[in-house]
Amino acid sequence: MSRNAPASGETSRAPSAPSLFKIIQPRLLIIAIVVVIFAALAAIYSKAQTASYTASARVFLSTDQDSLGVSSVDVTRYVQTQAQFAQSSAAVTEIAKALKLSESDVSGRLSTTPSDAGYFFVIKGEGASEAAAVDLVSAAETAYGKLLISSTQTTLTEMLKVRTQLTTQLQGLQTSQATPGTESGDLTAQLQGLSGEITKAQTTVALGSAAIKLAEPPVSAGQGASGLLRNTLVAAIVGLLLSVLAVWIMYQRRPTILDPHNPSDALGVPLIAALEPGRTTASAAETLVSAMSAVMSPTSKVVAFTPASRGDLTADLVSSVAAAWSDDQGVVLILDTSPSSEVRASLEGLPRATSAELPRWAHEPTCLARSSGTGRGHILYNRVSPARAARPGGLAPILADRAPVVDLVILVTSALAELPMTAASAIQADAVVVITSPETHLKELEQVPRDWPALAERVVGVVHDGRTGIRRVTGNTPDRRSSVESITSSSPVSDGASSSRNSNPMDAEPTDRYARPAR
């Protein structure tokens, strides 16, 4: 019997977008490891770097009208321009030639900084030794002065050319005119002014650059900082940002459940139980039994436990729910159709059933019969091959023969990630309970209402199992020893059962002979 029909117009709603903190919170350990690795690599790199030394010198500039060449100029801009001029490509070329180094090496070790407090700029240089740093700064000062003189020499050459042209014009006018005219007087005045400028330029070239008022000798500043702390901090920040970005991108590609209400929103069914971390299996089973009783119809006999992904449903939880339910209602039959399960190994930790009121097929070797642990109920276990359960109506003969004589049938199905095999077996139950975990991918749930409406109609609710510490064991492990306390808090330990379990390991072969009705 399926659950009550939902109200008209009820549809699944998309899960709300989680915050970035919720996305990275489960992966904080991974992020921390990445940050530590980046910081460690940066520290190792910094330690391996060759020690460097620094030297510096200040170059004071003359700001009088003769040096500037104009009556009005922005002195601050002038200082900035001169600082850039000292680090120009032409200056770098001169320094590289003088020191016999590559231009890239010089440009990487040389820097200039204009001052905000006066008319000077600072030349800084780095080197593998104090002498190398001092030589670099000295070469920079020399190259700067040489370029300034070269610039003044070029100006002087141009002025000399202009004077020659003016002299030629003046001589031509004097030859053609009997008496000196106004034009001859203008040319004579220009020549006189130009001669004065040429004299100043010649003096500047002779005495050096007038723009340099004082060039200090380089002073060594000693060994420079290795940058260990700075590099480590930057690497840690980069590692943090990259790891957070990678986690966010991975989540966007395969979103998982960060809130227990996400799967219920995706399926459009209620969240009937959220098992918090730290809950014992027995306590979680009691909560789940109460929640199932509230959403299932009283006439429902077959309930399917369907994990969203393989590993979301633990064997201990199935055994504990069966034990708790049988304590109240009598006999619970577990039909295991999952491809791989440990439910049988978990049940073998319970005492053997001794009641004569069990069905005839409960005493066959193909059926595992156990007491619930308190003596008030019994648990029967049958293994059914997934191929048979996936056939249309493949479980019908089994359910018709065995469901009427038991109080409840728990059908353990394949995960929703293995659709359509899961749908074929799950829709043969009266009600379906979907089990999720923090590792469940939401895309596997969102496709159920859209692609498998018949299965979605039978889902009565979602159980979110957040107990990640005891989960995610898939595959058969015959030597696994299940604790009786994980089934029920009052289950006694049977030495005979333990001895039998050790001497007769369980049959791990998935075959439907465990659930074939006796003739």
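Two strands pair if DSSP finds at least two bridges between them. Keep that in mind for the first stop. One caution before we go: this is a predicted model.

So, strands. β9 covers residues 368–371, and β10 covers residues 378–383. The two pair in the antiparallel sense, over four bridges. Which residue of β10 is the bridge partner of arginine 370? That partner is isoleucine 379. Now look at the two faces of β9. In a regular strand, side chains alternate between the two faces of the sheet. On one side of β9 sit Leu368 and Arg370. On the other sit Ala369 and Ser371. Those four residues are all buried, and both faces of the strand are covered.

Next, the aromatics. A search of the whole structure turns up three aromatic pairs. Take phenylalanine 60 with phenylalanine 120. Their ring centres are 5.0 Å apart and their planes stand at 45°, so this pair is tilted. Where do the two rings come from? Phenylalanine 60 is in strand β1, residues 53–61, and phenylalanine 120 is in strand β3, residues 120–127, so the contact ties together parts 60 residues apart in sequence. Phenylalanine 60 has 22% relative accessibility and counts as partly exposed. Phenylalanine 120 has 14% and counts as buried.

Now move to the neighbouring number in sequence, phenylalanine 121, and its pair with tyrosine 144. The ring centres are 5.4 Å apart with planes at 90°, so this one is edge-to-face. Phenylalanine 121 lies in β3 and tyrosine 144 in helix α7, residues 130–176, so the pair ties together parts 23 residues apart in sequence. Buried or exposed, phenylalanine 121? Buried, at 0% relative accessibility. Tyrosine 144 is buried too, with a relative accessible area of 1%. Add Phe85, and you have one aromatic cluster: Phe85, Phe121 and Tyr144.

Back to phenylalanine 120 for a moment. The charged end of arginine 58 sits over the phenylalanine 120 ring, 5.6 Å from the ring centre. There is another arginine over a ring elsewhere. Arginine 402 lies over the face of tryptophan 361, 4.2 Å from the ring centre.

Arginine 402 takes us to the charges. How many salt bridges does the structure hold? Nine. One network links Arg360, Asp401 and Arg402. Within that network, aspartate 401 bridges to arginine 360, with the closest N and O atoms 3.6 Å apart. Aspartate 401 is in helix α15, residues 396–402, while arginine 360 is in the loop between α13 and β9, so the bridge ties together parts 41 residues apart in sequence. Aspartate 401 is partly exposed, at 23% relative accessible area. Arginine 360 is exposed, at 56%.

Another bridge joins glutamate 418 and arginine 310, at 2.4 Å, N to O. Both ends are in loops. Glutamate 418 lies between β11 and α16, and arginine 310 lies between β7 and α12, so the pair ties together parts 108 residues apart in sequence. Glutamate 418 is partly exposed at 22% relative accessibility. Arginine 310 is partly exposed at 47%.

One more bridge: lysine 146 with glutamate 94, at 3.4 Å, N to O. Lysine 146 is in helix α7 and glutamate 94 is in helix α5, residues 89–99, 52 residues apart. Remember that tyrosine 144 of the aromatic cluster is also in α7. Glutamate 94 is partly exposed, at 24% relative accessible area.

Now the surface. Leu29, Ile33, Ile37, Leu41 and Ile44 form a nonpolar patch there, with about 520 Å² of accessible area together. One of them, isoleucine 37, is in helix α2, residues 28–48. Isoleucine 37 is partly exposed, at 45% relative accessible area.

Last, two long-range contacts in sequence terms. Tyrosine 251 sits in helix α9, residues 228–253. Tyrosine 251 counts as buried, at 5% relative accessibility. Its C-alpha is 7.3 Å from that of isoleucine 23, yet the two are 228 residues apart along the chain. Then there is isoleucine 427, in the loop between α16 and β12. Isoleucine 427 is partly exposed, at 32% relative accessible area. What separates isoleucine 427 from valine 303 in sequence and in space? They are 124 residues apart in sequence and 9.9 Å apart, C-alpha to C-alpha.

Notes:
Residues numbered from 1 in each chain as written. Predicted model: local features only at pLDDT ≥ 70, side-chain atom pairs only at ≥ 80, totals over all residues. Heavy atoms only, no water. Phe/Tyr/Trp six-rings, centres within 6.5 Å; stacked < 30°, edge-to-face > 60°. Buried < 20%, exposed > 50% of the residue type's maximum accessible area, 1.4 Å probe, protein only. Lys NZ or Arg CZ within 6 Å of the ring centre and 35° of its normal. Patch = residues over 30% accessible without salt bridge, like charges linked within 9 Å, V, L, I, M, F, W, Y side chains within 5 Å. Areas by Shrake-Rupley, 256 points an atom, 1.4 Å probe, with all protein chains shown as cover. Salt bridge = Lys/Arg side-chain N within 4 Å of Asp/Glu carboxyl O.
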